[in-house]
Amino acid sequence: MSESSMICGFVLHDINFPNGGSQLQDQRLMGRKPSLHNTTPVGEQPGGQGAILLIMFLRREAVITADANLKLNLVVSYGSFLAIIMQGKPFCIFFAKGYSSCILVRSMATSTNYTLISSCLLASRQTAFSRISAALLLYGIAFLPTSNTLANDIYELVPFVVNADSRIQDKHDVSSSFSVFDGESIDLHRLGSVESLAFAEPSLEFGSAFNGNGSLNTMRGVGVDSALVAVDPSVSTYSDNVYRPGAVTGLLAMFDIDHTQVIKGPDGVVDGRNAIGGSIKFFTNKPNLERQGLSGFIGAGIGSYNHFLVKGALNIAWPEKKAGLRFSGIRSERDGFTANHTPGAADLDDDNDWMGRAQLLLTPSDDASLRIIYDRWRQDDKGFAKVAIGERVADAPLLDFSQAIPQPSGSRNVATSGNESLDNLGESFAIEASKRFGDIIEATYIGSYQDWELKSVFDIDMTNLDLMDFTDTEKSYVQTNELRLLRDLGDDIDFVFGLYAYDDDRRQALILPVETTIGSLFSSTSVDQDAQSRAVYVGVPNASIPGSEKWKGSIGFRYTEDDKRSRQSFLPFFAEEAIEFDLTDDWSSFDYKASLKYKLSNNWNLFGVVSTGFRSGGFMLAQDTDTPEAFNPEELVSVKFIAKYLTENKDRSTATGLEIEAYHYDYDNMQVSHVITSSDGNSLRIVTRNAAKASIDGLEARGNIRRENWAIRYTFAYMDAVFDRFDTFIYELDPLEQVVDISGNALPRTPEFSASFLIEYTLPDDKWRLFSGVSWSDGAEFNVYNDPRFRQPSHVLTHVGIEYRYEIGNFSEWSVSAGIHNLFDEEIPVGFDEGSLLLGNFNSNIYAPPRTWRLSIKKRF
């Protein structure tokens, strides 16, 4: 490797802008895989002549020699100037400020060939113009054709194709443990959120943060119990391959979805962000380039609790120009599920949300595509409900509860001050560009810029009095970049190389004003945390074993470095000025994944998989006068044995699939958070500590049955998850305040048994469809102490529905559907909060939605 630095660099390249050839189809969503055979020389494709001039300021370059015939040039610059010249005239000129990066590929076999395959300028936050300029710059330089031949796509049908291990693969051949839900089933069964997916997927548990400002997701016992900025999620959430960090993104319901993947961890060794617990990936509908002009859908719905919903999508396509736009959005309003019995106070757990998305898809040639996505959302809710359990924990000596009305009974009743609120405003800008060079190299770049602002207020004293209204304010600025190169080495062997970068600047302020018998008190903690993660990964995701047609293997390695800096300010009760801390630390991890596949027959594949996972460490919040401590990263070693069965007829109208998996996890340094009273008694302190060791063993089975009129999906899971060793500490709610040994206790949110069953039946006239779903769990612990007061009981969730479809012509369809969710009105807690001796409030639960009904109408055009 060699490096060079210069003040200014430029690339001048003669190009051919093709306007012919077939449209690049989305291999992942169309359920097809590419076959690289027929090729067409670039010179034979019609198009206009042009040139690109790219000037990069303050450039730094690294040259990597891949082999004798291939060199990669990685260029990083600050500021870029781009001019595209068509037929001798300026076509467009752009300047974008901010850090940029690009990759140049040079074929030594054809020394005249320099190809710029990707570029990004996403670091600039100043204006929307700079982001748009970055996108246009990417488009201008991402698709320079090589002097080699370009491949046309010839597709072969496969049962169902997904993007796993950085490749397009048949689901039956993937060694990962995951489930796929298509868009139609998501609409029918209302699976468009993390919370609803937990209904249909075993070992995935949705939890609500104690202040309602995020989701605490657990997969096979690997999860988090804190929504603080210092704690990274164990289960990663993605939208269109873009990592959405933080617990706040789990509050968003996705819409206009093509399909969703739930991948059991560890995940992310050779793809995206490392995820020790697993990943949940939503893939939205991209612009459809096959239909000329306008198309899309519009829908509306009404339901219980005065629910009103409207959603739609407008698709504009120019197939001859290989370009398309798609605009989609959703607006939802609903009264609160939980009645607030304080006079004049609003009900809680309501819904007042809107989300919108705009997309641009360009496919300038058969082997290149660019997708630009802009999302924006707003949640403006009254707030969530914490429902009191039992009696008040204590009568706090400085708080006067004499005027408080009694807390009403029942899981849907509270009496609070009415000051609760949840305001979540955010946006996301993402780019996905791909380019294939000949028959051997495919390059993909995925970049994003995201920012959001969240403010939540909840009544911590849980009375109708204005004693303590806790405010949590967060601001986040996130940038992600990933470059992935996939090379076909021949003889059924692929090689993948990737770079991943994640930058997160997040600020959080926790404010607690208290009205006491001696006057007003005030306590606050503010955190300004900069987190960076850099990773490089390599792998061979598909390799035949020499001398055998039945054996295949894969292996991948990832090296990750995480750096965090936390600037904290803490103002305790009775203090005159804040105490400030400046904390820095870094962690690194080397992870791997190896699998071996044996083709037992045409219907059966057997897999053995060994993989590791890593979750970064962090810092406790400064809620005491002592310097906050750091907690260590989590580590996980997983061993899995998987059997997959698939059989279907030629037209795929009849199919049967089955997956059976046994797994064992060695889970070290599990991060456990707990709220205690500080040693001086003047504040609450959130302590995050590492359990020494835990082990998780499980067995899962999932199956699909498809007949001409029937579609059935069933799952079953068994899990045994316990702490082997845990360095113990005082449990505040223990009346003796004695040290508690929790070795041998069950991990939180790990039901021993769970199952689900989804069914759809279409009547012979193809107009009426009946659908239903049942999910069962035998219950789970909510905290590491296995306190019986905080436990999710055994429960059954059921939904039923009916849909009628009426078609007019080939492209117009009306549908009307009706459904009831939580048919038997089960009271299911999804979160809990321990009462505090200092604050004298209640133990409380957060509950899943009650029984609801909805009537919807939808028109496609």
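**Exercises on strands and a loop serine**

Strand S14 (residues 218-219) is joined to S15 by two bridges, and the two run antiparallel. The model is predicted: local features need pLDDT of at least 70 and side-chain atom pairs pLDDT 80 or more, while totals for chains, interfaces and linings use all residues. Residues are numbered from 1 along each chain as its sequence is written, and side-chain values use heavy atoms, without hydrogens and water.

**Exercise 1.** State which strands stand at the edges of the sheet that holds S13, S14 and S15.

Solution. Strands are DSSP runs of E, at least two residues, numbered from the N terminus; two of them pair if DSSP finds at least two bridges between them. The order in this open sheet is S13-S14-S15, with antiparallel pairing. S13 (204-205) and S15 (222-223) each have a single partner strand, so one side of each lacks a neighbour in the sheet. Methionine 219 has valine 222 in S15 as its bridge partner.

**Exercise 2.** Determine how many residues of strand S50 are buried.

Solution. Buried means under 20% relative accessible area (1.4 Å probe, protein chains only). In S50 (residues 829-833), five of five residues are buried. Four bridges link S50 to the antiparallel strand S51 (residues 842-847). Aspartate 833 stands opposite serine 844 in S51.

**Exercise 3.** Locate serine 616 and describe its surroundings.

Solution. Serine 616 lies in the loop between S35 (604-615) and S36 (618-619). Its relative accessible area is 3%, so serine 616 is buried. Beyond neighbours within four places in sequence, its contacts (heavy atoms within 4.5 Å) include Lys564, Trp587 and Gln671.

Conventions: Buried < 20%, exposed > 50% of the residue type's maximum accessible area, 1.4 Å probe, protein only.
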